[in-house]
Amino acid sequence: MFSKKEAHLIALSDLDDARDAVRGALSDAPADEAPGLRRAARILDELAERGGEPRVRWARGILERDGVNPVTHEVAAIRALRQELPGLSLLAATDLARETKLAQQS
């Protein structure tokens with residue numbers, strides 16, 4: 001069963017499937033739809049280039065939205081993550097904040 005140390009945060013990413021679907025649609029798109037599909041493909045490519053694990057991207061988004069820098073304010077980062085996801089354990093939030101901090105520093 002689950003312990004209190006588990007994050008209970010499952011992050012799924014269908015980014016590759018979305019990119020394939022947009023490229024497939026672009027291959028036989030009418031001329032008036034092609035510019036929008038090309039733009040969508042560029043946006044998805046940029047997201048893929050940012051990379052990183054979805055959990056860390058999620059945490060980074062929460063911390064950016066709340067104006068919390070995990071490098072300088074780790075405790076505030078942990079608190080923000082736990083407030084966003086009730087039930088997130090202290091250990092899991094700490095690990096996630098530290099992963100986000102490392103990703104930001106690299």
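## A tour of helices α3, α4 and α5

In this predicted model, helices α3 and α5 are roughly perpendicular to each other, because angles of 65 to 115 degrees count as such and their axes cross at roughly 85 degrees. The axes of α3 and α5 come within 9 Å. Select these two helices to begin; α3 covers residues 54-66 and α5 covers residues 90-105.

**Stop 1: the contact of α3 with α5.** On the α3 side, display Arg55, Val56, Trp58, Ala59, Arg60 and Leu63. They meet Leu96, Glu99, Thr100 and Ala103 in α5. Coloured by class, this contact shows 6 nonpolar, 1 polar and 3 charged residues.

**Stop 2: arginine 60.** Next, centre the view on arginine 60, a residue of helix α3. Is arginine 60 buried, partly exposed or exposed? Its relative accessible area is 25%, so arginine 60 is partly exposed. Leaving aside neighbours within four places in sequence, arginine 60 is in contact with Thr100 and Ala103. A distance drawn between the C-alpha atoms of arginine 60 and threonine 100 should read 6.2 Å, although these residues are 40 apart along the chain.

**Stop 3: α3 against α4.** Keep α3 in view and add α4, residues 74-84. The axes of α3 and α4 cross at roughly 105 degrees and come within 10 Å. The angle therefore makes α3 roughly perpendicular to α4. For the side chains, select Trp58, Ala59, Ile62, Leu63, Arg65 and Asp66 in α3, which meet Ala77, Ala80, Leu81 and Glu84 in α4. Here the residues divide into 7 nonpolar, no polar and 3 charged.

**Stop 4: α4 against α5.** Now hide α3 and bring α5 back beside α4. At what angle do α4 and α5 pack? The angle is about 120 degrees, and the axes are 9 Å apart. That makes α4 oblique to α5. The crossing of this pair is right-handed. From α4, the residues to show are Glu74, Ala77, Ile78, Leu81 and Arg82; their partners in α5 are Leu90, Ala93, Thr94, Leu96, Ala97, Arg98 and Lys101. By class, the contact of α4 with α5 has 7 nonpolar, 1 polar and 4 charged residues.

**Stop 5: glutamate 74.** Within this contact, select glutamate 74, placed in helix α4. Which residues does glutamate 74 contact, leaving aside its neighbours within four places in sequence? They are Asn69, Thr94, Arg98 and Lys101. One of these, arginine 98, is 24 residues from glutamate 74 in sequence, yet the two are 7.6 Å apart, C-alpha to C-alpha.

**Stop 6: the nonpolar cores.** In soluble globular proteins, nonpolar side chains tend to be buried together. To see an example, show Leu63, Ala77, Leu81, Leu88 and Ala97, which have the most contacts inside the largest nonpolar core, a set of 13 residues. The elements that give two or more residues to this core are α3, α4 and α5. Apart from it lies another core, of 5 residues, including Val22, Leu37, Ala41 and Leu44.

**Stop 7: alanine 97.** Finish by returning to the largest core and selecting alanine 97, one of the residues with the most contacts inside it. Beyond its neighbours within four places in sequence, alanine 97 is in contact with Pro70, Ala77, Ile78 and Leu81.

Methods. Residues numbered from 1 in each chain as written. Predicted model: local features only at pLDDT ≥ 70, side-chain atom pairs only at ≥ 80, totals over all residues. Heavy atoms only, no water. Core = buried A, V, L, I, M, F, W, Y, C linked by side-chain atoms within 4.5 Å. Buried < 20%, exposed > 50% of the residue type's maximum accessible area, 1.4 Å probe, protein only. Helix = DSSP H or I, 4+ residues; strand = E, 2+ residues; numbered from the N terminus. Contact = heavy atoms within 4.5 Å. Axes fitted to C-alpha atoms, helices over the stretch in contact; angles between N-to-C directions. Parallel < 35°, antiparallel > 145°, perpendicular 65-115°, else oblique. Left-handed = near helix turned anticlockwise from the far one by under 90°. Nonpolar A, V, L, I, M, F, W, Y, C, P; charged D, E, K, R; others polar.
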